[in-house]
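Work through these short exercises with the sequence and the 3D view open. Each task is followed by its solution.

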Amino acid sequence: MDRETRNAAIAAAWILLLFGLAAYFLPTVMLAVGKISTVLAAIIAAIFMVGLFVVLWLRGRSQRKKGL
């Protein structure tokens, strides 16, 4: 494994770990926020979903610029 693929693997692991932890706690957060406003709970879930795709899109765009 060369340096570039190792860095890509480390970055992918961090992304999976952070979003995995966020997904684990997302139901608890949504239930807590849902007591205040159900619309706000839905917005938090939407932000999580969009955030995942934005991070993956930015990562792919960065890799494309590097020529990997």
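**Exercise 1. Place Val 50 and classify its exposure.**
Start with the element: Val 50 sits in helix H2. Helices here are DSSP runs of H or I with at least four residues, numbered from the N terminus. This is a predicted model, where local features need pLDDT of at least 70, side-chain atom pairs count only at pLDDT 80 or more, and totals for chains, interfaces and linings use all residues. Residues are numbered from 1 along each chain as its sequence is written, and side-chain values use heavy atoms, leaving out hydrogens and water. Now apply the cut-offs: buried is under 20% relative accessible area, exposed over 50%, partly exposed in between (1.4 Å probe, protein chains only). Val 50 has a relative accessible area of 52%, so Val 50 is exposed.

**Exercise 2. Check the span of helix H1.**
Helix H1 covers residues 3-34, which is 32 residues. The expected span is 1.5 Å times one less than the number of residues. That gives 46 Å for H1. The end C-alpha atoms are 45 Å apart, so the two agree.

**Exercise 3. Describe Phe 25.**
Phe 25 belongs to helix H1. A kink of about 40° lies at Phe 25, shortly before the proline Pro 27. The bend is the angle between axes fitted to the seven residues ending there and the seven starting there. With a relative accessible area of 46%, Phe 25 is partly exposed.

**Exercise 4. Which residues of H1 are buried, and what covers them?**
Ile 15, Phe 19, Leu 26 and Val 33 are buried in H1. The cover of the buried residues of H1 includes helix H2 (38-66).

Methods:
Helices (H or I, at least four residues) and strands (E, at least two) are DSSP runs, numbered from the N terminus. Contact means heavy atoms within 4.5 Å.
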